[in-house]
Structure formats: C-alpha cells, structure tokens
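Hi everyone, thanks for making time. I'd like to walk you through a structure you may not have seen before, so please have a look at it with me.

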Amino acid sequence: MAGLFDKQADVYLDARPTYPKEWYSKLAVLTPHHTLAWDVGTGNGQAALSVAEHYEQVIATDVSESQLQRAMLHPRVRYAHTQLSITDDEVIALVGGEDSVDLVTVAQAVHWFDLPKFYNLVSRVLKKPGGVFAVWCYNDIEVDPTFDPIMKQFHDTTLPFWDKNIQYLFDGYKTLPFPFESVGLGSEGNPLPLDIPKQLSFEGFLKMLRSWSAVTTAKDQGVDLLPEKVVKEFEGAWGGSKLVRSVSYKAFMLAGKVRLRSL
C-alpha cells in the first residue's frame, strides 16, 4: 500500500468522514489501563487524535510521508514514519516494547497490510491480558433511493482499478481474518455494523470520490472515471451543487484481545 495515497493526500485530508467519538469511548472502557496506544496507518491522524482523548500517549505510524506531513498535531500524539525496510523488532521498540500497548487501532487501513506479519506484531506489543486491538472500515455511502443506484453504477466502473486486497473492505470485513478473542465489538466473520452520519456538501462528496485509490490509479492509466458527464449526473441526483445532504457511511468494526494459551 506504500504510496497508494500519497498523490491525493490533500484531498484525502478534506474528504473522509469523522469517526464518532463514542467508538473510542467504548474501546477505552475495555482496557484496564490508558497509558499507551498505537494507531497504525494513521494517515492524517484523525483516529489518533480521538484516541488521545482517552490515552496518555499515542504513537501514530504510517508508511506515507505525505500523509504524515498533513497530520494534525496534538500534545499526546507522536507521529512516526515507518519505512518499508523497518524490521519487526524496530517497530516494537518504536511503539514502546513488547507487552506495553493498551490499545491498537487501525482505521480504514488493515485490509492493505500483510496480515500474518502485522497480527504477530500486534500480539507482541499488546499488554496481556488487558490490551485491545480494534480495526474498522466503511465501504458504502447511503444518500437516498434516487442517488444510491447512480452511486452503485459509478462504483462498478472503478472495480478494475482497485488493489485485490480491497475485497476485504467490499465485504465489510466479514472475510477478513481476525484471530483474536472477541471483546463484544464484532468478531471474526461477524463484524459489528455501524453508521457514520455526516452532513456532506456536493463538493465534499466529489472530493471523497477523488480520494479513492482506484480513481487515482485509473487517472495514472489515462482513464478519467469522473468526467463532466458523470459529475453532472451525480449533481442532478444530489439536488444541486449547493445542497448539503445528510448521508450515512456504512461501517464495520472488529475488536479483540490476544488469545492466551492454556497451560
């Protein structure tokens, strides 16, 4: 996934929805301690800032330097660029050592990761038995019965340009391997469905589409998935370019603890 979101970093910052604060409150209640958290694939730091409302320090890492350059500063958040050459032991030292982290979060990113490698890292850094690991994604936006079929039609045009790992997201993480003990917020094969309400302008909606990696990949290959004709069709179904709509992003969460072996 390295570099996948570098080109649209500015658009990405403006376009993505804000995750509800109650999500973080629910996760914080599950960890006995609130000393250290690790937000992985932090991007511009949106999730890290909310995690920092509940934890004394947040280590926020990403492979994308351009995303981190646009990250929002917070006194309890420390951003770090994790190059592809970094070793597992270096990552563990960076985030505080083994058995040191109370909460690990990954927002809209774990589907890009080398899952066995990453899950091993998570299992090493999480405190046992109290540490919690949570991942979430959103994969669709609902506006109204007139608009939604047009959105579906557009989405279908993007399919050839997605990375293969995007299927986990399209499946709402139902097929995502997640070998952790459930803590009541989704489990492997049965993610917790959630909604992200948002007041969205038409310009914001277009920014969201332009932030999709598939749209950027298509553009690099000489294919414009958002020509004027498509934009105008969206605008008509939206109700005009000046209208702000109430929309809902469909989200899914999985959360768990490291499974401890019985002696």
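When I say two residues are in contact here, I mean that they have heavy atoms within 4.5 Å. And keep in mind that this is a predicted model.

Let's begin with threonine 35, which sits in the loop between H2 and S1. What does threonine 35 touch, leaving aside its neighbours within four places in sequence? The answer is Tyr55, Glu56, Gln57, Asp102 and Lys127. Threonine 35 is partly exposed, with a relative accessible area of 38%. Valine 91 is 56 residues away from threonine 35 along the chain, and the C-alpha atoms of those two are separated by 18 Å.

Now to the elements on either side of that loop, starting with H2. Which residues of H2 are buried? They are Trp23, Tyr24, Leu27 and Ala28. These residues span an arc of only 130° around the axis, so they end up on the same side of H2. As for what they pack against, the list is H3, S4, S5, strand S7 (192-201) and S8.

On the other side of the loop is strand S1, residues 36-40, which runs parallel to S4 and is joined to S4 by 4 bridges. If you want to find that pairing on the screen, look for tryptophan 38, whose bridge partner in S4 is valine 104. S4 also runs parallel to S5, and 5 bridges join those two. There, threonine 105 stands opposite alanine 134 in S5.

So is S4, residues 103-107, mostly covered or open? Mostly covered: 5 of its 5 residues are buried. Remember that in a regular strand the side chains alternate between the two faces of the sheet. In S4 both faces are covered, with Leu103, Thr105 and Ala107 buried on one side and Val104 and Val106 buried on the other.

Okay, on to the charged residues. How many salt bridges does the structure hold? There are 11, and I'll pick out a few.

Take glutamate 53 and lysine 21, which form a salt bridge with their closest N and O atoms 2.8 Å apart. Glutamate 53 is in the loop between helix H3 (46-51) and strand S2 (57-62), while lysine 21 is in helix H2 (residues 21-30), so this pair ties together parts that are 32 residues apart in sequence. Both ends are partly exposed: glutamate 53 has a relative accessible area of 45%, and lysine 21 has one of 48%.

Another salt bridge is the one between lysine 250 and glutamate 142, where the closest N and O atoms are 3.7 Å apart. This pair links distant parts of the chain, with lysine 250 in strand S8 (residues 244-257) and glutamate 142 in strand S5 (residues 132-142), 108 residues apart. Lysine 250 counts as partly exposed at 21% relative accessibility, and glutamate 142 does too at 39%.

Then there's a local one: lysine 152 and aspartate 156 meet in a salt bridge at 3.0 Å, N to O. They are 4 residues apart in helix H7 (residues 147-158), so about one helical turn separates them. Aspartate 156 is partly exposed, at 35% relative accessibility. Elsewhere, Asp89, Glu98 and Arg124 are joined into one network by salt bridges that share partners.

That's my tour, and I'm happy to go back to any of these spots.

Conventions
Residues are numbered from 1 along each chain as its sequence is written. This is a predicted model: local features need pLDDT of at least 70, side-chain atom pairs count only at pLDDT 80 or more; totals for chains, interfaces and linings use all residues. Side-chain values use heavy atoms; hydrogens and water are left out. A salt bridge is a side-chain nitrogen of Lys or Arg within 4 Å of a carboxyl oxygen of Asp or Glu. Buried means under 20% relative accessible area, exposed over 50%, partly exposed in between (1.4 Å probe, protein chains only). Two strands pair if DSSP finds at least two bridges between them. The arc is that of the directions from the helix axis to the C-beta atoms.
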